[in-house]
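Reader: I have a new model open on my screen and would like to go through its packing, its empty spaces and one of its sheets. Could you walk me through the reasoning behind each label?

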Amino acid sequence: MWPSLIAKAKEGGIDVIQTYVFWNLHEPIQGQYDFSGGKDLVGFIKEIQAQGLYVCLRIGPFIESEWTYGGLPFWLHDVPGIIFRSDNEPFKYHMQRFVTHIVNFMKSQKLFASQGGPIILSQIENEYQNVEAAFHEKGPPYIRWAAAMAVGLQTGVPWVMCKQDDAPDPVINACNGLRCGETFAGPNSPNKPAIWTENWVSQYQVYGGDPTLRSAEDIAFHVALFIAKKGSYVNYYMYHGGTNFGRTASAFVTTSYYDQAPLDEYGLIRQPKWGHLKELHAAIKSCSKPLITGAYNNYSIGQEQEAHVYKVNSRECTAFLVNKDEILDRTASFQNSTFNLPRKSISILPDCKAIVFNTAKVSMGYNKRSMMTSQAFSSSGKWEEYKETIPTFEDTLFRANSLLEHMSTTKDASDYLWYTFRFQRDLADAMSVLNVSSQGHVLHAFINGAFIGSAHGSHDDPRFTLQKNVHLNKGTNNVALLSVTVGLPDSGAYLERRVAGLRKVKVQNHDFTNYSWGYQVGLLGEKLQIYTDQGSDKVKWSPYQSSSYRQLTWYKTIFDIPVGNTPVALNLGSMGKGEAWVNGNSIGRYWVSFRTSTGNPAQKWYHIPRSFLKPANNVLILLEEEEGEPLGITIDTVSIT
């Protein structure tokens with residue numbers, strides 16, 4: 001999809017493609033680098049260069065980005081004595097090693113602008129000022145070290161630090177946010193440009209959370225204001241959001257990412273955002289000479305109106321007329337002419353005489369995205385199923401006399417961790433209460449192989465308690481508690497200390513917290529990789545049974561590629577929670593049952609890139625944790641009107 005996405009961005013007036021570098025993608029195992037397939041960083045940059053655009057490479061290597069573990073590989077967690085993002089020798093060693101590897105890789109391909117390549121900016125660290133105080137005396141020296149380390153790599157192009165007001169010279173301090181024309185204090189040195197690395201076009205969405213929308217008019221207003229006030233670079237976050245395939249989204253973040261961007265999740269143009277911003281970009285570029293070489297002046301032309309003027313000489317002049325009044329249109333006098341200024345808008349006058357663009361006046365209509373069913377799977381004969389095994393204490397090989405922390409135990413090899421124990425009961429069929437406290441994110445409980453209940457936390461508070469009345473057997477009772485993470489945390493100080501999983505377990509009044517526990521990392525179906533062709537053959541699939549329990553069930557079907565070239569989406573509106581694979585490619589986690597405040601799923605359609613598909617006999621496999629109904633699933637095509 002890269003060539004078409006880059007071409008649409010260029011057509012929209014974009015000059016620079018900005019991308020993070022994902023440490024946990026490129027070095028998943030310490031010392032083993034991976035730049036294959038969709039991780040081909042050099043290929044991506046060369047495609048940008050081939051289309052005549054520039055690159056800002058945000059190496060980080062901490063990136064946050066609603067990406068699992070903020071982009072850090074989980075093996076860092078187990079480095080002795082490590083404290084992430086602080087004046088800590090183990091962390092600095094590994095950070096410098098990775099950043100140096102990336103920079104040298106870029107140099108070897110002659111990709112920096114100093115070598116004739118497209119990379120004009122690089123970023124070191126990311127929004128560190130948000131957490132710096134938490135590191136006390138270890139914060140400031142870390143930032144000074146990171147800046148010096150990056151500059152010492154001698155790329156020949158500038159480095160930036162976003163949200164770091166005191167970025168050490170010559171590193172450029174940059175703004176992130178919604179309104180940097182109003183909130184940014186400006187460069188911290190007179191020889192640095194004003195840079196806005198993240199202009200949020202909406203907000204990322206979390207499961208259970210309502211979408212946040214931002215209008216084309218508001219985005220355009222703040223871009224124009226930043227440029228009017230001597231800004232030199234604005235980057236949209238995101239211009240194209242895309243898809244968090246696999247398990248890459250951070251805690252509780254949806255698989256769909258910034259779908260409200262000018263290019264939506266499927267790469268389709270979203271109007272009026274794309275078109276309105278295209279007109280804005282053209283208007284600003286028509287002012288280039290005065291903006292770059294003219295003398296700047298700003299003054300009031302009304303109570304809430306102001307003019308920002310760039311003048312080269314009597315003939316070459318550009319003006320931005322700002323009306324900050326959010327309620328009323330206003331008229332204002334500028335250079336002996338009267339102009340009508342719509343409420344909360346900026347008018348651009350490339351010649352200081354005629355308005356060519358106003359941020360509040362949208363000239364194109366809204367388009368609508370439509371989903372059309374290409375194939376339904378409503379016949380039970382289309383499906384096969386495989387029941388995941390519920391382990392007992394005897395089945396486990398890994399034991400401990402306490403409740404282990406989830407992430408430290410799985411090491412991000414799986415979302416799933418089984419906690420199992422057994423105990424004796426003197427009475428038959430006795431009613432008891434199971435009480436489990438968890439630090440997050442999700443729990444499914446089974447006693448003697450029977451499903452008891454589920455509970456989960458949320459993005460704002462991952463902690464929760466499951467309390468259920470349960471029937472127990474006389475003699476041995478086997479308890480299996482499946483703890484599930486929905487992505488790792490991505491932000492905050494001391495990320496290496498964050499926890500998930502079970503904290504306390506009681507049956508009636510007996511506390512089993514410090515007890516003999518058996519553990520299993522991941523599910524059997526994951527271990528066998530039954531979502532692949534080879535792994536699928538390792539288990540015996542059964543005909544779909546509508547009457548059987550559905551918790552922890554794998555489903556399998558086949559389908560042909562939809563005709564045409566429009567994007568393809570999987571409608572999972574009838575399902576609960578789990579993960580989906582097409583031809584062995586994970587198209588991401590789904591969690592349809594976690595509804596927003598309006599009662600709707602946070603995400604119902606899941607993108608299947610056509611590059612994942614073959615003409616016929618595509619294999620769709622789902623792991624359903626809850627009671628989803630696969631007979632309601634459809635393959636849809638996506639179009640805009």
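Reader: Which residues touch the most other members of the largest nonpolar core?

Author: Happy to help, and please keep in mind that this is a predicted model. Leu57, Met106 and Leu280 touch the most other members of that core, which holds 93 residues. Helix 7 (residues 216-228) supplies the largest share of the core, eight residues.

Reader: What makes Leu57, Met106 and Leu280 members of a core?

Author: Core members must be buried, and buried means under 20% relative accessible area. They must also be joined through side-chain atoms within 4.5 Å. Leu57, Met106 and Leu280 belong to the largest such set.

Reader: Which residues is Leu280 in contact with, leaving aside its neighbours within four places in sequence?

Author: With those neighbours set aside, Leu280 is in contact with Ala220, Val223, Ala224, Tyr236, Ile348 and Phe357.

Reader: What other core is there, and how many residues does it have?

Author: There is a second, separate core of 49 residues, with Ile390, Tyr531, Tyr606 and Phe612 among them.

Reader: Now the empty spaces. Why is the space lined by Phe62, Phe84 and Arg85, among others, called a cavity?

Author: A space is called a cavity because a 1.4 Å probe fits inside but cannot get out. The largest cavity has a volume of about 40 Å³, and the count comes to one cavity of 30 Å³ or more. Its lining also includes Val131, Phe135 and Tyr494. By class, seven of the lining residues are nonpolar, one is polar and one is charged.

Reader: What is the volume of the second largest pocket, and which residues lie nearest its centre?

Author: The second largest pocket has a volume of about 570 Å³. Its lining has 24 residues, and Gln205, Asp259, Arg369, Ala602 and Gln603 lie nearest the centre. Strand 15 (residues 369-376) gives the most to this lining, with three residues. By class, the lining has eight nonpolar, 12 polar and four charged residues.

Reader: How do you know that strand 19 and strand 24 pair?

Author: Pairing needs at least two bridges. Five bridges join strand 19 (residues 430-438) to strand 24 (residues 502-507), so the two strands pair, and they run antiparallel. Asn435 stands opposite Lys506 in strand 24.

Reader: What makes strand 22 and strand 25 edge strands?

Author: The order in this open sheet of four strands is 22-19-24-25, with antiparallel pairing. Strand 22 (464-472) and strand 25 (510-511) each have a single partner strand, so one side of each is left without a neighbour in the sheet.

Terms used:
Residues are numbered from 1 along each chain as its sequence is written. This is a predicted model: local features need pLDDT of at least 70, side-chain atom pairs count only at pLDDT 80 or more; totals for chains, interfaces and linings use all residues. Side-chain values use heavy atoms; hydrogens and water are left out. On a 1 Å grid over the protein atoms alone, a cavity is a set of points where a 1.4 Å probe fits but cannot get out, and a pocket is an open set with protein on both sides within 12 Å along at least five of seven lines; lining residues have an atom within 4 Å of a point. Grid points are joined across faces, edges and corners, and a volume is the space filled by probe spheres set on the points. Ala, Val, Leu, Ile, Met, Phe, Trp, Tyr, Cys and Pro count as nonpolar, Asp, Glu, Lys and Arg as charged, and the others, Gly among them, as polar. Buried means under 20% relative accessible area, exposed over 50%, partly exposed in between (1.4 Å probe, protein chains only). Contact means heavy atoms within 4.5 Å.
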